[in-house]
Amino acid sequence: MTNKEEQALAPSVAVKFIEPEDIHVAASLLFQAYRADPLLIEILNEPNASKYDAKLRALVRQELTRFGKSGQPILGIYTEDNLVAVACAFASHCEIEKSFGWHWRLTLMMGAGVLQTQQIIDKERTIKAQLRDLGEYYFLSFIAVDPHYQGSGYGHYLLNALDSLVRENDFMSGMAVFVTQGSQVNFFEAHGYQLVKDITFNSVSGDLLFKARTDDLEKAL
């Protein structure tokens, strides 16, 4: 992360790639943030609350494993060495089947279900098809802030850090995200994200948003 971003935070707060030992904390934050996500509720299709939680935890674990093994960025905000917010983005050239093959699919199917795994893959393919004219880009898969720290601006810090991630990779055209709730749309639009297309998966509609790279003035010079 840039010095400018770290100076914008309190002295005890830092934005950086998360430490390996904090993966379990990141999984917990993501589970809490996405437990009521309409699309995941639709995809996992589990009326039993405890079984739904188990499937969601399996999905989060596998996605974090996918990010870790492929070297995709997992950014975290630390306050006094405690992880309080996390964001996961993957490069558009990262293909599920080519990068992770049968082992990733099998493990996810065992935890979340066969149909559910295929729907997750179909969702990613559909989104990539809508963004194919943008060249190489990052896609923000997950973003979460510890409930005890919400309302303190950490989500905004994460989006600023993601802007830096794009700027630091010259071949990336920007950052995309798919959101299903109005408050999320407002949050991202306030940071310069623009609507690409409304997309419906099964019975859940959402907005595919994209923010083009904005290079720093000093980099342009």
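Let me start with helix 7, residues 154-167, where the 14 residues should span 20 Å at 1.5 Å a residue, and where the end C-alpha atoms are indeed 20 Å apart, so the expected and computed lengths agree. I should say at once that this is a predicted model, and everything I describe is computed from its coordinates.

Staying with helix 7, eleven of its 14 residues are buried, and it is therefore largely enclosed by the rest of the structure. If you want to find them on the screen, the buried positions include Tyr 154, Gly 155, Leu 158 and Leu 159, and they also include Asp 163, Ser 164 and Arg 167, the last of which is buried as well.

Tyr 154 deserves a further word, since it forms an aromatic pair with Tyr 149, and a search of the whole structure finds eight aromatic pairs. In the pair of Tyr 149 and Tyr 154 the ring centres are 5.9 Å apart and the planes lie at 70° to each other, which is an edge-to-face arrangement. How are the two partners covered, buried or partly exposed? Tyr 149 has a relative accessibility of 28% and so counts as partly exposed, whereas Tyr 154 is buried because its relative accessible area is 11%, under the 20% cut-off.

Another edge-to-face pair is formed by Phe 187 and Phe 188, with 5.2 Å from centre to centre and 70° between the planes. Here Phe 187, at 22% relative accessibility, counts as partly exposed, while Phe 188, with a relative accessible area of 3%, is buried. Elsewhere in the chain, Phe 67, Phe 90 and Phe 139 come together as one aromatic cluster.

Two rings also have a charged group over them. Lys 16 lies over the face of Tyr 78, at 4.6 Å from the ring centre, and the charged end of Arg 57 sits over the ring of Phe 31, at 4.1 Å from its centre.

Let me return to the end of helix 7 and follow the chain onward. Glu 168 is placed in the loop between helix 7 and strand 5, the strand being residues 174-179, and with 44% relative accessibility Glu 168 counts as partly exposed. Glu 168 and Asp 215 are 47 residues apart in sequence, and yet their C-alpha atoms are 8.9 Å apart in space.

That brings us to strand 5 itself, which is mostly covered, six of its six residues being buried. Gly 174, Ala 176 and Phe 178 point one way from strand 5, and Met 175, Val 177 and Val 179 point the other way, with buried residues in both groups.

What are the neighbours of strand 5 in the sheet, and how do they run? On the one hand, three bridges join strand 4, residues 138-145, to strand 5, and these two run parallel; within that pairing, Leu 140 has Val 177 of strand 5 as its bridge partner. On the other hand, six bridges join strand 5 to strand 7, and these two run antiparallel, with Ala 176 having Phe 210 of strand 7 as its bridge partner.

Strand 7, residues 204-212, has seven of its nine residues buried, so it too is largely enclosed by the rest of the structure. Seven bridges join strand 6, residues 194-201, to strand 7, again in an antiparallel sense, and Phe 210 in strand 7 is also the bridge partner of Gln 194. Strand 6 and strand 7 form a hairpin with two residues between them, and in that turn Asn 202 has a positive phi of about 55°.

Phe 210 appears once more when we look at Leu 134, which is found in the loop between helix 6, residues 114-130, and strand 4. Leu 134 is partly exposed, with a relative accessible area of 31%, and, leaving aside its neighbours within four places in sequence, Leu 134 is in contact with Ser 173 and Phe 210. The C-alpha atoms of Leu 134 and Met 172 are separated by 9.1 Å, although these residues are 38 positions apart along the chain.

Finally, the chain as a whole. The protein chain has nine helices and seven strands, and of its 221 residues 48% count as buried. Among contacts with a separation of 6 or more, 71% are between residues 24 or more positions apart. The chain exposes about 11,100 Å², of which carbon and sulfur atoms supply 51%.

Conventions: Residues are numbered from 1 along each chain as its sequence is written. This is a predicted model: local features need pLDDT of at least 70, side-chain atom pairs count only at pLDDT 80 or more; totals for chains, interfaces and linings use all residues. Side-chain values use heavy atoms; hydrogens and water are left out. Rings of Phe, Tyr and Trp (its six-membered ring) pair if their centres lie within 6.5 Å; planes under 30 degrees apart count as stacked, over 60 as edge-to-face and the rest as tilted. Buried means under 20% relative accessible area, exposed over 50%, partly exposed in between (1.4 Å probe, protein chains only). A charge sits over a ring if NZ of Lys or CZ of Arg is within 6 Å of the ring centre and within 35 degrees of the ring normal. Helices (H or I, at least four residues) and strands (E, at least two) are DSSP runs, numbered from the N terminus. Contact means heavy atoms within 4.5 Å. Accessible areas come from the Shrake-Rupley method with a 1.4 Å probe; for residues, only the protein chains shown count as cover. The expected span of a helix is 1.5 Å times one less than its number of residues. Two strands pair if DSSP finds at least two bridges between them.
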